[in-house]
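Please look at the sequence and the three-dimensional structure shown here. The paragraphs that follow lead through them step by step.

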Amino acid sequence: MELIEKAPAKINLGLDVLYKRPDGYHELEMVMSSVDLADHLIFEELPEDQIVVETNKAFLPVDQRNNVYQAALLLKNKFNIKKGVKIVVQKNIPVAAGLGGGSTDCAAALRGINQLWDLGCSLEELAAIGLEVGTDVPYCVYGNTAFIGGKGEEVKLIPSMPQCWVILVKPRMSVSTRTVFRDLDTQAIQHQDVAGLVEAIQQQDYQQMIQKMGNSLEDVTGKRHPVIHQIKERMIKYGADVALMSGSGPTVFGLCQHYSRAQRVYNGLKGFCDEVYLVRTLR
């Protein structure tokens with residue numbers, strides 16, 4: 001039996017870091033939404049008791065350092081599964097880009113293996129298991145548009161964001177989320193009105209939504225990589241309704257309600273960066 005699971009990228013419409021918790025994590029308030037740029041995971045049951053991960057990107061590890069491998073191992077151990085699984089990961093989402101590529105692959109692995117082995121786990125149970133791998137995994141188990149709190153374990157689905165076009169631009173560098181948070185001063189950053197953003201999405205008010213969007217990590221990453229601000233400026237210049245860094249970066253995304261304008265932004269950025277994508281929001 002072969003099974004295919006889609007693993008969509010996420011963007012952060014809002015991201016605020018409130019304070020550092022006693023457990024070393026940061027208390028977060030975020031709004032994330034899925035977009036139609038996705039990896040695909042192909043699952044095949046193996047008679048041997050082993051986990052085999054393959055990918056189309058030679059630089060990615062395929063052992064216990066890989067989030068997909070970790071997800072499979074967690075489920076095998078939790079349910080005492082003696083069969084094996086082969087998982088082929090077809091990567092389309094840029095790596096270390098602030099788009100949740102590793103987390104969404106992990107979430108897709110949890111969903112796929114749950115179905116392959118008929119484990120009967122709810123999404124809530126899979127999200128709790130996924131938190132052991134990474135703090136973005138619980139959201140990625142659900143996808144769609146959601147408010148995320150705590151260190152990532154609180155996921156509250158809200159109505160899908162107003163449908164629009166999304167231009168994603170990934171500059172050549174990669175960013176370590178751990179390093180960004182390590183250097184973060186929560187007293188110095190600009191905090192965001194995440195509650196106002198949630199309300200705008202619930203009302204399906206596109207104009208109010210783009211007014212409330214913001215990312216408290218943008219200044220931190222942008223000081224190290226000024227190209228982030230350059231991309232934002234170009235996006236607005238070419239007609240994007242709003243431009244914002246996703247996650248800890250370095251990917252910047254712009255939103256447009258109309259395809260013609262989104263195409264203009266996309267064409268204007270293609271010569272500036274190698275990795276530029278024009279996609280839709282997912283509902």
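The explanation below turns to an annotated domain, a pocket, some buried residues and some details of the backbone. The structure is a predicted model.

We begin with the annotation. An unreviewed UniProt entry places the feature "domain: GHMP kinase N-terminal" at residues 66–143. Over residues 66–143, the chain is 54% helix and 9% strand. The C-alpha atoms at the two ends of this stretch are 21 Å apart.

Within these residue numbers one may consider helix H3, which spans residues 123–130. Which residues of H3 are buried? They are Leu-126, Ala-127, Ile-129 and Gly-130. These residues lie on the same side of H3, because they cover an arc of only 160° around the axis. A general rule about helices is useful here: an α-helix has 3.6 residues a turn, so residues three or four places apart point the same way. The buried residues of H3 are covered by parts of the structure that include helix H1 (67–78), helix H2 (101–116) and helix H4 (137–142).

A second helix may be read in the same manner. In helix H6, residues 194–202, the buried residues are Val-194, Gly-196, Leu-197, Val-198, Ala-200 and Ile-201. They pack against E1, E2, strand E5 (145–150) and helix H7 (206–212). Just after H6, Gln-204 takes a positive phi of about 55°.

The next topic is the largest pocket. Its space amounts to about 1,400 Å³. Of the 48 residues that line this pocket, Ser-103, Thr-135, Asp-136, Thr-177 and Arg-178 are the closest to its centre. Strand E1 (2–20), strand E2 (26–46), H1, H2 and helix H5 (177–182) each give two or more residues to the lining. Sorted by class, the lining has 20 nonpolar, 18 polar and ten charged residues.

The pocket can be compared with a second annotation. The unreviewed UniProt entry places a feature named "binding site" at Pro-94, Val-95, Ala-96, Ala-97, Gly-98, Leu-99, Gly-100, Gly-101, Gly-102, Ser-103 and Thr-104. From this set, the lining of the largest pocket takes in Pro-94, Val-95, Ala-96, Ala-97, Gly-98, Leu-99, Gly-100, Gly-101, Gly-102 and Ser-103.

Some members of this set deserve individual attention. Gly-98 lies in the loop between strand E4 (84–90) and H2. Is Gly-98 buried or exposed? Its relative accessibility is 15%, and a residue under 20% counts as buried, so Gly-98 is buried. Leaving aside residues up to four places away in sequence, Gly-98 touches Lys-10, Asn-12, Ser-246, Gly-247 and Gly-249. Leu-99 is placed in the loop between E4 and H2, and Leu-99 is buried, with a relative accessible area of 1%. Among the residues that Leu-99 touches are Ala-9, Ile-11, Leu-168 and Thr-251. Ala-96 also has its place in the loop between E4 and H2. Ala-96 is partly exposed, with a relative accessible area of 37%, and its phi is near 50°, a positive value in a residue other than glycine.

We now move to a later part of the chain. Met-245 is found in strand E9, residues 242–245, and it counts as buried at 0% relative accessibility. The contacts of Met-245 include Asn-12, Leu-217, Ile-228 and Phe-253. One of these partners, Leu-217, lies in the loop between strand E8 (214–215) and helix H8 (218–224). Leu-217 is buried, with a relative accessible area of 0%. Leu-217 touches several residues, including Leu-15, Val-180, Phe-181 and Met-245.

An exposed residue offers a contrast. Lys-237 is in helix H9, residues 227–238, and counts as exposed at 66% relative accessibility. Lys-237 and Gly-268 are 31 residues apart in sequence, and their C-alpha atoms are 9.3 Å apart in space.

Two details of the backbone remain. The peptide bond from Gly-249 to Pro-250 is cis, with omega near 5°; Pro-250 is placed in the loop between E9 and strand E10 (252–256). Asn-80 is found in the loop between H1 and E4, and its phi is near 55°, a positive value in a residue other than glycine. Asn-80 is exposed, with a relative accessible area of 53%.

Technical notes: Residues numbered from 1 in each chain as written. Predicted model: local features only at pLDDT ≥ 70, side-chain atom pairs only at ≥ 80, totals over all residues. Heavy atoms only, no water. Buried < 20%, exposed > 50% of the residue type's maximum accessible area, 1.4 Å probe, protein only. Helix = DSSP H or I, 4+ residues; strand = E, 2+ residues; numbered from the N terminus. Arc of directions from axis to C-beta. Contact = heavy atoms within 4.5 Å. UniProt positions renumbered as here; feature names shortened; annotations may be inferred. 1 Å grid on protein atoms, 1.4 Å probe; cavity = no way out; pocket = protein on both sides within 12 Å on 5 of 7 lines; lining within 4 Å. Points joined across faces, edges and corners; volume = space filled by probe spheres on them. Nonpolar A, V, L, I, M, F, W, Y, C, P; charged D, E, K, R; others polar.
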